[in-house]
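This report describes one protein chain, beginning with its surface and overall fold and then turning to individual residues.

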Amino acid sequence: MCSTVLDVDVFIYNFVLQVFGGLVWILVACTYIVPYNPQAYVMAVSVFCFVCTFLWMMVFMCGSHNNRNSWATADVFYHFLASVLYLSASVPLAMVTLAFNSSLTLIYQLNISAVVFSYLTTLLYVIHTIFSAIRWKTF
């Protein structure tokens with residue numbers, strides 16, 4: 001399953017990304033995706049990253065990467081792409097949430113939670129990108 005301590009760390013970190021990405025997905029879905037345009041983009045990004053991170057985690061769990069340089073390069077590229085996508089989704093989500101700040105309704109509170117977890121997920125993807133780049137340089 002996991003052959004090194006680094007593989008265990010990658011697995012744990014990807015699991016945390018799964019949880020936070022899933023929370024963004026669920027919280028935005030609970031708001032009935034209103035307004036449609038920015039919220040639908042946030043849903044698309046969170047679902048895409050959720051599925052890809054799950055598949056990435058399965059590759060590392062199965063040991064298919066065989067500690068090759070090409071997998072380390074792909075790891076850096078994917079997590080950088082996910083960081084940029086999550087950042088590009090977090091900003092409109094925050095803007096939409098600020099536009100609806102006139103009332104303290106449940107939907108507003110769900111949007112606030114989604115914004116917080118969206119930025120936390122973005123931060124985790126950035127940190128993972130940095131650690132993946134450090135790992136890539138060791139090959």
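## Surface, fold and two residues

The protein chain has an accessible surface of about 7,500 Å², and carbon and sulfur atoms account for 79% of that area. The model is predicted. Its mean pLDDT is 84, and 91% of the residues score at least 70. Of the 139 residues in the protein chain, 37% count as buried.

**Overall fold.** The secondary structure consists of 4 helices and 0 strands, arranged along the sequence in the pattern α-α-α-α. The C-alpha trace spans about 50 × 25 × 20 Å along its principal axes. Among contacts with a separation of 6 or more, 78% involve residues 24 or more positions apart. Confidence varies between the elements: the lowest mean pLDDT, 79, belongs to helix α1 (residues 5–30), and the highest, 91, to helix α3 (residues 69–99).

**Annotated spans.** An unreviewed UniProt entry lists residues 12–34, 40–64, 76–100 and 106–127 under "transmembrane region". Two of these spans are described in the table below.

| Span | Helix | Strand | Distance between end C-alpha atoms |
|---|---|---|---|
| Residues 76–100 | 96% helix | 0% strand | 36 Å |
| Residues 106–127 | 100% helix | 0% strand | 31 Å |

**Ser83.** This residue lies in helix α3. Ser83 counts as buried because its relative accessibility is 6%, and the cut-off for burial is under 20%. A polar atom of the Ser83 side chain lies 2.7 Å from the backbone oxygen of His79. The side chain of Ser83 also reaches the backbone oxygen of Tyr125, at 3.2 Å. Leaving aside residues up to four places away in sequence, Ser83 touches Thr122, Tyr125, Val126 and Thr129. Tyr125 thus appears both in this list of contacts and as the partner of the 3.2 Å approach.

**Pro35.** This residue lies in the loop between α1 and α2 (36–62). With a relative accessibility of 25%, Pro35 counts as partly exposed, because that value falls between the limits of 20% for buried and 50% for exposed. When residues up to four places away in sequence are not counted, Pro35 touches Val96 and Phe100. Pro35 and Thr97 are 62 residues apart in sequence, and their C-alpha atoms are 10.0 Å apart in space.

Note on methods: Residues are numbered from 1 along each chain as its sequence is written. This is a predicted model: local features need pLDDT of at least 70, side-chain atom pairs count only at pLDDT 80 or more; totals for chains, interfaces and linings use all residues. Side-chain values use heavy atoms; hydrogens and water are left out. UniProt positions are given in the numbering used here, feature names are shortened, and annotations may be inferred rather than shown by experiment. Helices (H or I, at least four residues) and strands (E, at least two) are DSSP runs, numbered from the N terminus. pLDDT is the predictor's confidence in each residue, from 0 to 100. Buried means under 20% relative accessible area, exposed over 50%, partly exposed in between (1.4 Å probe, protein chains only). Contact means heavy atoms within 4.5 Å. Accessible areas come from the Shrake-Rupley method with a 1.4 Å probe; for residues, only the protein chains shown count as cover. A polar contact is a pair of N or O atoms within 3.5 Å; within protein, one must be able to donate a hydrogen and the other to accept it, and residues adjacent in sequence count only if both atoms are side-chain atoms.
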